[in-house]
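This briefing introduces a single protein chain to a reader who has not met it before. Please look over the sequence and the structure first, and then read the notes below, which are grouped by topic.

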Amino acid sequence: MKEQKYGLMLSYINLFLTNFFGIIITPLMIKMLGSSEYGLYSLIGAFVGYLSVLDLGLNDTIVRYVAKYRVEEDKKGEENFIAISFILYIFIGLLVVVFGAFFYNSIDEFFKSTLTVEEIEKAKIMVLILIFNLAITIPGGALVGICSGYKKFIFPRLLTIIKYIVRVILLCLILYFGSQAIGIVILDTLLNLFFILITIYYVFFKLKVKVKLYEFNIKFIKEIFSYSIWVFVYALTFQFQWRSGQFVIGTNSNTTSVAIFAIGVMLGIYFTTFGNLINGILLPKAVESVGLGISKEDLTKQLIKVGRLSIVILLYIMCGFLLLGKEFITLWIGEQYLEAFNVAALIMIVYLIPLTQGYTHAILQAKNLHRVKSILFLIFTIIGVTSGKFLSDKYGIIGMIIGIAFAFFLLHIVLNFYYHIKLEIDIPLFFKKVILPFVVPFVIIYIMNRYFISLLKSNWELFVVKAIVYSLCYIFLVYFFVLSKDEKLFFKKTLKIIK
C-alpha cells in the first residue's frame, strides 16, 4: 500500500512537473528553434514514434507475469520468464533496426513536397539518432515493468522525476547556446542511456532479481505472445491515433500547421496521462484481485471507487481548459496557435469517461480478455483517421481532429456494452454513481464561462486570478455537494502526505 500510495503520488508530481515545465519550455523552443524547426522536430518525433511500440506489448506482459509468479511464489518460473523476455528483446532490437532503415529510406518520398532539402537532411540525421534511442529505451521499459511486478513504484517514478528535471535544465542550456532540433534528440538519447544504467543497478543489485533460462518452451512463448500481442496492437493503435494526424498534415500542409496540431495533441495527451497513471499502478492489483476470484459486484465497486477519484481530477482539468484554454494559448504562445485549442478540447471531451473507466482495462488485461478491446480500438481508429484525412483536405486541422475524436466516441459506446456483458460490470450503476453527480458542477462552471469569465479579456495577472477563482468554485462545489465522507477523508490524508 505504501508503494502504491507514494508511487501514485510521485506519478502525479512527475505529471505536474511535465505539464508545468512543458508549458514553459514549449514557447521557449518555438522561439529559439522557430516554428518551422519546431514543426520538423514534432513531425520526425511523430514519424519515428511508431517504432516505440515495437516492444510488442512485452512491458505490460512483464508486469502481469512477474506479479503472477510472485503471488504464486514461483521463483523458478519468474527467473525463466524474465530470461525469455530478454531473449525476445534481442529480436525486438533487430525489428527496430529493420523498420528504422525503412523509415530512413522513405523520408525523401514522404516529404518531398512539404520539406526543403535542408529539412530532409536534418530529418534523416534525427531518424538515425532516434533509432538508436529506441533500441536502448524499449528494453529499458522492461526494467520498469519488473519493478511494477515487484510492486516497487517509488524508485522508478522518483528516477523519472529526477531525469525530467535534469532534462529541462540541460535543454535550456543547449537552446541558449544555439542548439537546433538535432541537439535535442542527442540530449534525450544520452539521458536515456544514463538513467537506464541506474535502473539496471537497482533491479539486479537492490531488488536482487535473478535471470536464469531453465527451458525455452515454444508453448510458453505462444502463451506470452497471445497476451502481449494485443497489448502491442493497443499501443500501436494509440500511437497511430494521434501521430497519424501530424503525419497526414505534414504530407499536405506546412510544418507550421504540424506544430499547431502537435501542440493541441500535446495538451490533450497531458490530460489523458493523468488517468493512465492510475491504470499503471492498478494492473498488479487487478491481477491479484482476479487471481483471488473477486466477484462481479466487487469489481463494480472498485471501478466506481477509482472512477470517482479519477473524475474529480480529470473534470477539474477539462473544465478549467474549456473555461480558460483559449486565453491561455493566446498568452502562452500567441494567437496564431489558437486552433490548437480545438484539438486539445476535443481530445479531453472524448477521453473523459474512458479515463474514469481505466480500471476496466486493467481488469481485461488481468483476465487476458483485452483482445476484443484492442481489435475494436484498431478498427475505429482506422475509421477515424481515414475520415479525418478526407475532412482535413477541406477543413484542415479541425477536420482531422473531428474525424479521430468522433470515431473514438463511437468506440467507447460499443465498449461499454462489452464491459456490461462480458465483465458483468454494472455500467448503468457506474454512470449513476460516477458521471451524474458531476453534471451540476459542470453546468454551473459552464454558466460561469458563458456569462462572466469569457467576458474579461486579460493579461497573465488577471488570468491567474481567474484560474484561482475557478479552482475555489470547483473545490467548493465538488467537496460539499459531490464527495462522500470516505472520499473527503482520502483527499485530506493525501494533502497531509504531500505536506
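Among contacts in the chain between residues at least 6 apart in sequence, 85% join residues that are at least 24 apart. The structure is a predicted model, and its secondary structure comes to 18 helices and zero strands. Of the 499 residues in the chain, 52% count as buried.

**The nonpolar core**

- The largest nonpolar core holds 135 residues, and those with the most contacts inside it are Phe81, Ile263, Leu267 and Ile329.
- Helix α10, which runs over residues 296-333, gives the most to this core, contributing 16 residues.
- Isoleucine 329, when its neighbours within four places in sequence are left aside, is in contact with Leu267, Phe321, Gly334, Tyr337, Leu338, Ala340 and Phe341; of these partners, Leu267 is also named among the residues with the most contacts inside the core.

**Phenylalanine 328**

- Phenylalanine 328 has its place in helix α10, and it counts as buried because its relative accessibility is 12%, where the cut-off is under 20%.
- Leaving aside neighbours within four places in sequence, phenylalanine 328 is in contact with Ile23, Trp460 and Phe463.
- Phenylalanine 328 and phenylalanine 341 are 13 residues apart in sequence, and their C-alpha atoms are 9.3 Å apart in space.

**Salt bridges**

- How many salt bridges does a search of the whole structure find? The search finds three, and each is described in the points that follow.
- Lysine 466 and glutamate 327 meet through their side chains in a salt bridge, with a distance of 2.8 Å from N to O. This pair links distant parts of the chain, since lysine 466 lies in helix α17 (residues 460-481) and glutamate 327 in helix α10, 139 residues apart.
- Both partners of that bridge are buried: lysine 466 has a relative accessibility of 5%, and glutamate 327 has a relative accessibility of 18%.
- Aspartate 188 forms a salt bridge with arginine 167, and the closest N and O atoms of the two are 2.6 Å apart. Aspartate 188 lies in helix α7 (residues 181-206) and arginine 167 in helix α6 (residues 154-176), so the pair ties together parts that are 21 residues apart in sequence.
- Lysine 122 forms a salt bridge with glutamate 118, where the closest N and O atoms are 3.9 Å apart. Here lysine 122 and glutamate 118 both lie in helix α5 (residues 117-149), four residues apart, which is about one turn of the helix.
- Is each partner of this last bridge buried or exposed? Lysine 122 is buried, with a relative accessible area of 14%, whereas glutamate 118 is exposed, with a relative accessible area of 54%.

**The surroundings of aspartate 188**

- Aspartate 188 is buried, with a relative accessible area of 15%, and its salt-bridge partner arginine 167 also counts as buried, at 18% relative accessibility.
- Not counting residues up to four places away in sequence, aspartate 188 touches Tyr41, Asn133 and Arg167.

**How helices pack**

- Two packed helices are described by the angle between their axes and by the distance between those axes.
- The axes of helix α13 (residues 371-395) and helix α14 (residues 397-422) come within 6 Å and cross at roughly 155 degrees. Because angles over 145 degrees count as roughly antiparallel, α13 is roughly antiparallel to α14, and the crossing of these two helices is right-handed.
- The axes of helix α4 (residues 75-111) and α5 come within 10 Å and cross at roughly 160 degrees. That angle makes α4 roughly antiparallel to α5, and α4 passes α5 in a right-handed crossing.
- Helix α5 therefore appears in two of these topics, as the helix holding both lysine 122 and glutamate 118 and as the packing partner of α4 in a roughly antiparallel arrangement.

How values were computed:
Residues numbered from 1 in each chain as written. Predicted model: local features only at pLDDT ≥ 70, side-chain atom pairs only at ≥ 80, totals over all residues. Heavy atoms only, no water. Core = buried A, V, L, I, M, F, W, Y, C linked by side-chain atoms within 4.5 Å. Buried < 20%, exposed > 50% of the residue type's maximum accessible area, 1.4 Å probe, protein only. Contact = heavy atoms within 4.5 Å. Salt bridge = Lys/Arg side-chain N within 4 Å of Asp/Glu carboxyl O. Axes fitted to C-alpha atoms, helices over the stretch in contact; angles between N-to-C directions. Parallel < 35°, antiparallel > 145°, perpendicular 65-115°, else oblique. Left-handed = near helix turned anticlockwise from the far one by under 90°.
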